[in-house]
Amino acid sequence: MNTYYCLDDSPRFEMIELNEIDSTNNFLKSYRPLQPKEVTLVTAEFQTAGRGQIGNSWESESGENLLFSLLIHPQNIKASQQFLISQISALSAKEALEAFTDGLSVKWPNDIYWHDKKIGGMLIENDLSGHTITNCIIGIGLNINQEKFHSPAPNPISLFQIIGKKIEKRFVLERFMKTFNTRISSLRIDGGEQVKQDYIQALYRRNGMHPYADETGRFEARIVKIEPTGHIVLEKADGSRHTYAFKEVKHLIPLNQETDIAL
Ligand code: BTN
């Protein structure tokens, strides 16, 4: 395990580089340094039990991809505004990858997409105390150099599969951290207005009617807005509006006339 201050060499920041761990999110959950920093970043070359959303696992071949978690203690973000952290993280990941390719978007709430394929995802775990977020762990997996995927995930892709060459993962991480810091600082200035606008602009399927599925079945709708709580508001062709929390609605991609892929 390498432990040192890095990226901006700030004494408020600690970076820990691990070769192997069950999950970088799990590592930070039980990390209790004597002098905790404002920001702790942990990376791993391999996770033996990488965790995804909805209890899924996260596939990543050893050494090929960026696997990292950030621990922050955001004093200027209330618990009711926690979706801002998700928006900032997703935008920062998208912007970090944009040094290499276009065609990127953020699939609500915080997947990173290249056209209809998933290039990255995140698992954000907050500890709340009243209205305050005491600990926020932002775990991010970005598929960088992996050549093939073997898990049953419906649509994974890596940067290598897009651009045809392998790149230095640390470059993407540095860009991520820079953008993340800038965007978190911007909250003090405008309360998150720019983040919200940029998030809408970055959204996968932000224009037009697309297929979705909820508990009642398949339907077509357009995205109307994202609420500050993170709920998505969809409008069907008949004008009816429906508000969903994460997991209550799925994006569908038609495979052929009879079959859709649920994302
Ligand atoms: C998703 O399912 O889209 C979320 C994937 C999150 C994976 C990252 S990899 C680094 C961090 N550690 C984990 O165990 N999960 C997150």
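Glu17, Arg170 and Glu174 are joined in a network of salt bridges. The model is predicted. Its salt bridges number 19 in total.

**Three pairs**

The table lists some of the individual bridges, with the separation of the closest N and O atoms.

| Basic residue | Acidic residue | N to O distance |
|---|---|---|
| Lys166 | Glu64 | 3.7 Å |
| Lys118 | Asp111 | 3.1 Å |
| Arg241 | Glu235 | 3.0 Å |

**A link across the sequence**

What does the bridge between Glu64 and Lys166 tie together? Glu64 sits in the loop between strand S3 (39–47) and strand S4 (66–72), and Lys166 in the loop between helix H3 (159–163) and helix H4 (169–190), so the pair connects parts that lie 102 residues apart in sequence. The closest N and O atoms of this pair are 3.7 Å apart, and a salt bridge requires a distance within 4 Å, so the contact qualifies.

The two partners are placed as follows. Glu64 has a relative accessible area of 18%, so this residue is buried. Lys166 has a relative accessible area of 40% and is therefore partly exposed.

**Burial in the other pairs**

Are Lys118 and Asp111 buried or exposed? Both residues are buried. Their closest N and O atoms lie 3.1 Å apart in the salt bridge.

Arg241 and Glu235 meet through their side chains, at 3.0 Å from N to O. Glu235 has 16% relative accessibility, so this residue counts as buried. The cut-off behind that call is under 20% relative accessible area.

Definitions and conventions
Residues numbered from 1 in each chain as written. Predicted model: local features only at pLDDT ≥ 70, side-chain atom pairs only at ≥ 80, totals over all residues. Heavy atoms only, no water. Helix = DSSP H or I, 4+ residues; strand = E, 2+ residues; numbered from the N terminus. Buried < 20%, exposed > 50% of the residue type's maximum accessible area, 1.4 Å probe, protein only.
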